[in-house]
Amino acid sequence: VYTEEFDLEEGCYSFTIYDETGNGFVNWAGEDGYFIFYDHNGNEMVNIVDFGFELNILFETSLTVGTENIDLNKEIEIYPNPTENLLYIIGIDKIDIIIYDILGNMVFTKRNVNGKVNLSDISSGTYIIEMITSEQKTIKKKFLKH
């Protein structure tokens, strides 16, 4: 058993584990092992035995949580996720958006978005979209672009 805990600043992160034999923890030390990744509340995010040569876990840490954010996250939806080029935002009109890559770099920004965003100028990958309402409330959601 190996346990490691990290204190991370607020942001987007990528955790990668490599296996040079390509079978994850299958038949590891004579029996199957396993890999479990927990969030700060102890909730299981990943539980896997056979992950091939590489396992990459993308996650976000956030220090600001409130009931307003939770309610807004339920009211505002983005789709399709994953998306090709167009991302639709429903539940709110006229918002400003900022899109960050998984390392936290800003890759796209647009003001007064009303319903859809053309993402053809950004490459494939995992992103965080930050949506800012006219009342300056912020909603963040993760999406994947093919």
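Visitor: Let's start with one residue: in β8, what is the bridge partner of I99?

Guide: This is a predicted model, by the way. Strand β7, residues 95–101, pairs with β8 in the antiparallel sense over 5 bridges. Look across from I99 into β8, and the bridge partner there is F108.

Visitor: Which strands form the open sheet, and in what order?

Guide: There are 4 strands in it, and the pairing is antiparallel. On average, neighbouring strands of this sheet are turned by 20° against each other, direction ignored. Reading across the open sheet, the order is β8-β7-β10-β11.

Visitor: And which are the edge strands?

Guide: An edge strand here pairs on one side only. That fits the two ends of the order β8-β7-β10-β11. The edge strands are β8 (106–113) and β11.

Visitor: Stepping back, how many helices and strands are in the chain?

Guide: From the N terminus on, the elements run β-β-β-β-α-β-β-β-β-β-β-β. Tallied up, that makes 1 helix and 11 strands.

Visitor: Why is the pair of Y79 and Y88 stacked?

Guide: The structure holds 2 aromatic pairs. In the pair of Y79 and Y88, the ring centres are 5.3 Å apart and the planes sit at 20°. Planes under 30 degrees apart count as stacked, so with its angle of 20° the pair of Y79 and Y88 is stacked.

Visitor: What is the relative accessibility of Y79?

Guide: Buried means under 20% and exposed means over 50%, with partly exposed in between. Y88 is partly exposed, with a relative accessible area of 28%. Y79 counts as partly exposed too, and its relative accessibility is 41%.

Visitor: Y127 and F143 form an aromatic pair as well, so are these two residues buried or exposed?

Guide: The pair of Y127 and F143 is stacked, at 5.7 Å centre to centre with 25° between the planes. It links distant parts of the chain, with Y127 in strand β10 (residues 125–132) and F143 in strand β11 (residues 138–145), 16 residues apart. As for cover, Y127 and F143 are both buried.

Visitor: T126 is in strand β10 too, so which residues does T126 touch?

Guide: At 18% relative accessibility, T126 counts as buried. Leave out residues up to four places away in sequence, and the residues touching T126 are L58, D101, I102, K142, F143 and L144.

Visitor: What separates the C-alpha atoms of T61 and Y13?

Guide: T61 lies in strand β4 (residues 54–61), and T61 is buried, with a relative accessible area of 18%. Among the residues T61 touches are L8, G11 and Y13. T61 and Y13 are 48 residues apart along the chain, yet their C-alpha atoms are separated by 7.9 Å.

Visitor: Which element has the lowest mean pLDDT?

Guide: The mean pLDDT of the chain is 80, and 86% of its residues reach 70 or more. Strand β9 (residues 116–118) has the highest mean among the elements, at 94. Over residues 65–70 the pLDDT is below 50, and beyond near neighbours in sequence this stretch has 4 contacts in the model. The element with the lowest mean, 54, is helix α1 (residues 67–75).

Visitor: How much of the chain do buried residues make up?

Guide: The accessible surface of the chain comes to about 9900 Å², of which 48% belongs to carbon and sulfur atoms. Out of the 146 residues in the chain, buried residues make up 32%.

Terms used. Residues numbered from 1 in each chain as written. Predicted model: local features only at pLDDT ≥ 70, side-chain atom pairs only at ≥ 80, totals over all residues. Heavy atoms only, no water. Buried < 20%, exposed > 50% of the residue type's maximum accessible area, 1.4 Å probe, protein only. Areas by Shrake-Rupley, 256 points an atom, 1.4 Å probe, with all protein chains shown as cover. Phe/Tyr/Trp six-rings, centres within 6.5 Å; stacked < 30°, edge-to-face > 60°. Pairing = 2+ DSSP bridges. Axes fitted to C-alpha atoms, helices over the stretch in contact; angles between N-to-C directions. pLDDT = per-residue confidence, 0-100. Contact = heavy atoms within 4.5 Å.
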